[in-house]
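The exercises below ask you to trace strands and their partners, step by step, in the structure shown next.

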Amino acid sequence: MKTEIHKAEDRGFANHGWLQANHSFSFANYFDKEKIQFGALRVLNDDIIAPKMGFGTHPHNNMEIITIPLSGVLKHKDSMHNEWQSILPGEVQIMSAGTGVQHSEINGSNSEHLSLFQIWIIPNKENVEPRYDQKSFELNDRKNKLQTLVSSIDNGINGSLKIHQDAVISRIDLDQGKTYEYQLKSKNHGVYVMSIFGDISINDEKLNSRDAIGVSDTAKFKITAEEDSGLLFIEVPMI
């Protein structure tokens with residue numbers, strides 16, 4: 001089994017006043033030649049956005065973009081829709097940029113900060129027709145069991161959102177002392193695991209809140225929750 005540890009404090013950080021951004025991989029003005037991507041996973045940003053602030057209209061193409069609000073309210077508008085879309089904690093948003101899309105993202109609250117993960121995955125098909133979707137996922141459905149949020153549009157998992165890549169994004173909330181054995185799709189896949197909250201151990205490696213580990217060259221591995229914990233799994237082909 002091959003592993004690579006990314007400690008929370010070693011992430012790239014940018015303080016823009018209205019935006020506090022943590023970058024797991026090279027992004028914007030943060031560059032680390034050892035942290036360009038993990039397989040098809042290109043971006044994992046952990047952002048906190050001030051009330052009423054956000055990103056003005058900007059373009060994307062040929063990228064699968066997944067956004068997971070953790071607290072607050074995200075408002076999204078793009079060239080496929082004429083109205084603002086609200087995405088709340090418990091919901092997940094996907095956007096296949098394909099041939100090109102313009103979009104805006106803002107904190108929809110006048111008083112509360114917005115906390116979110118934004119994930120970019122390199123697609124397995126380029127220049128597809130842009131598409132957008134969002135879905136609500138029940139908190140109880142990831143209590144000590146895996147909850148699949150996103151899967152492949154070609155061979156998808158029922159109840160999940162779909163993207164143009166043979167990837168799986170999932171979450172689990174583990175009670176203290178619980179274990180979970182994660183099984184990978186194939187020998188060509190790896191999984192990037194982040195502790196959203198809580199301390200866990202994977203093969204004697206201890207991870208604290210917002211620490212991450214990339215795991216590849218294995219069929220499965222075991223996770224133990226040292227305390228109540230929430231985990232994010234991003235499984236992708238190791239291109």
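Two strands are said to pair if DSSP finds at least two bridges between them, and strands are DSSP runs (E, at least two residues) numbered from the N terminus. The model is predicted, so that local features need pLDDT of at least 70 and side-chain atom pairs count only at pLDDT 80 or more, while totals for chains, interfaces and linings use all residues. Residues are numbered from 1 along each chain as its sequence is written, and side-chain values use heavy atoms, with hydrogens and water left out.

**Exercise 1.** Work out the order of the open sheet of four strands, and find its edge strands.

*Solution.* Begin with the order, which is β16-β21-β18-β19, with antiparallel pairing. Next, look for strands that pair on one side only: these edge strands are β16 (179-183) and β19 (205-207). Finally, examine one pair in detail: β18 (residues 200-202) is joined to β19 by three bridges, and Ser 201 stands opposite Lys 206 in β19.

**Exercise 2.** Follow β3 to its partners, and decide why it is largely enclosed.

*Solution.* Start with β2 (residues 12-15), which pairs with β3 in the antiparallel sense over four bridges; here Asn 15 has Gln 20 of β3 as its bridge partner. The hairpin of β2 and β3 has three residues between the strands, and in it Gly 17 takes a positive phi near 85 degrees. Then turn to β4, which pairs with β3 in the antiparallel sense over five bridges, with Asn 45 in β4 as the bridge partner of His 23. Last, because four of the five residues of β3 are buried, the strand is largely enclosed by the rest of the structure, where buried means under 20% relative accessible area (1.4 Å probe, protein chains only).

Key. Buried means under 20% relative accessible area, exposed over 50%, partly exposed in between (1.4 Å probe, protein chains only).
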